[in-house]
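Load the model in your viewer and keep the selection tool handy. We will walk from one stop to another, and at each one you will hear what to select and what is there.

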Amino acid sequence: FRLVAPIADGLIFASNRSREYYQSISPNCPMAIVPSVVDPNRFDHRKVSDESSDILSLLGDWPVVGTLASINPNKDISTFLKAFARVCETIPDSRALIVGPVYDSQKDYFRKLESQAESLGVSDRVVWAGALRDVRPMLRRIDAYLCSSSNESSPMAVWEAMFMGRAVVSSDVGDVGLHIVDGDNGYITEVGDDALMAARLAALLQDCDKRRVFGARARSAAITSFSPRIVAEKTEAFYRRILADR
């Protein structure tokens, strides 16, 4: 960033948090916030057909807490597992679904997570789905989405869950708190607070009406912020501003 920023006529950041992080070393030039984009027609639970798969069959009809995350420390799957273990104390039949690749550089970390799940007594309730080409059936199946990350900017996986009408519980990372309003269309917790994450998840899993209301509101919020037309208009407006300045 230090090398390329000085030659830029303008800088686009994916989130306010990332702009704050880089602002001290940014050149004196125009800046804009343009978040990640998600297709609302593709990520619509009403348009995703039912399908059978080995992964979905492992989940049965039990309540499911899910996440989409490549397996690495920034996603803090360790906190996810601790929160899920707490959920199991209240809802013993619940299951966890973790969708995401394990790269060669993270195999040791993944083995530690597997050992942690075993020590927490939940290894038989956690489904590691690995990398999938189409995550929509998994998002459609889960009952509550948990983002336990310690660092994010504009987390597309959270936006996709919102578009799919899932009730979201998320750590306060990136700009999630600007789009998930705590207690209105989801829940926000401090990073690493597995106890509060578990309490919020349990409340959602036990209240179908709240999940439905939160999910509908989350989708509406996502449409107004991350739809292609919205993101394209923000991008075009910033380019026109740069051109006018030149």
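Helices α6 and α9 are oblique to each other, because an angle counts as oblique when it is neither under 35 degrees (roughly parallel), nor over 145 (roughly antiparallel), nor 65 to 115 (roughly perpendicular). Before going on, note that this is a predicted model, in which local features need pLDDT of at least 70 and side-chain atom pairs count only at pLDDT 80 or more, while totals for chains, interfaces and linings use all residues. Residues are numbered from 1 along each chain as its sequence is written, and side-chain values use heavy atoms, with hydrogens and water left out.

**Stop one: the helix pair**

Select 156–163 for α6 and 208–226 for α9: their axes come within 7 Å and cross at roughly 120 degrees. Helices (H or I, at least four residues) and strands (E, at least two) are DSSP runs numbered from the N terminus. Axes are lines fitted to C-alpha atoms, for helices over the stretch in contact, with angles from 0 to 180 degrees between N-to-C directions. Now show side chains: Trp159, Met162 and Phe163 of α6 meet residues of α9, including Gly215, Arg219 and Phe226, where contact means heavy atoms within 4.5 Å. This contact is made up of eight nonpolar residues, one polar and one charged. Here Ala, Val, Leu, Ile, Met, Phe, Trp, Tyr, Cys and Pro count as nonpolar, Asp, Glu, Lys and Arg as charged, and the others, Gly among them, as polar.

**Stop two: the sheet**

Next, colour the strands. In the order β5-β4-β3-β6-β7-β8, six of them form an open sheet with parallel pairing; two strands pair if DSSP finds at least two bridges between them. At the edges, β5 (126–130) and β8 (186–189) each pair on one side only. Zoom in on β4 (95–99), which four bridges join to β5; there, Leu97 has Val127 as its bridge partner. Then add helix α3 (77–90), which lies across β3, β4, β5 and β6 and runs at about 165 degrees to β4.

**Stop three: a loop**

Pick Pro101, in the loop between β4 and α4. Beyond neighbours within four places in sequence, Pro101 touches Ala69, Ser70, Ile71, Gly130 and Ala131.

**Stop four: the pockets**

Which residues are closest to the centre of the largest pocket? Select Leu68, Ala69, Ser70, Val99 and Ala157, out of 24 lining residues. The lining has 16 nonpolar, five polar and three charged residues, and β3, α3, β6 and α6 each supply at least two.

A pocket is an open set of points on a 1 Å grid over the protein atoms alone, where a 1.4 Å probe fits, with protein on both sides within 12 Å along at least five of seven lines; lining residues have an atom within 4 Å of a point.

Finish at the second largest pocket, where α9 gives the largest share of the lining, six residues. This lining divides into four nonpolar, three polar and six charged residues.
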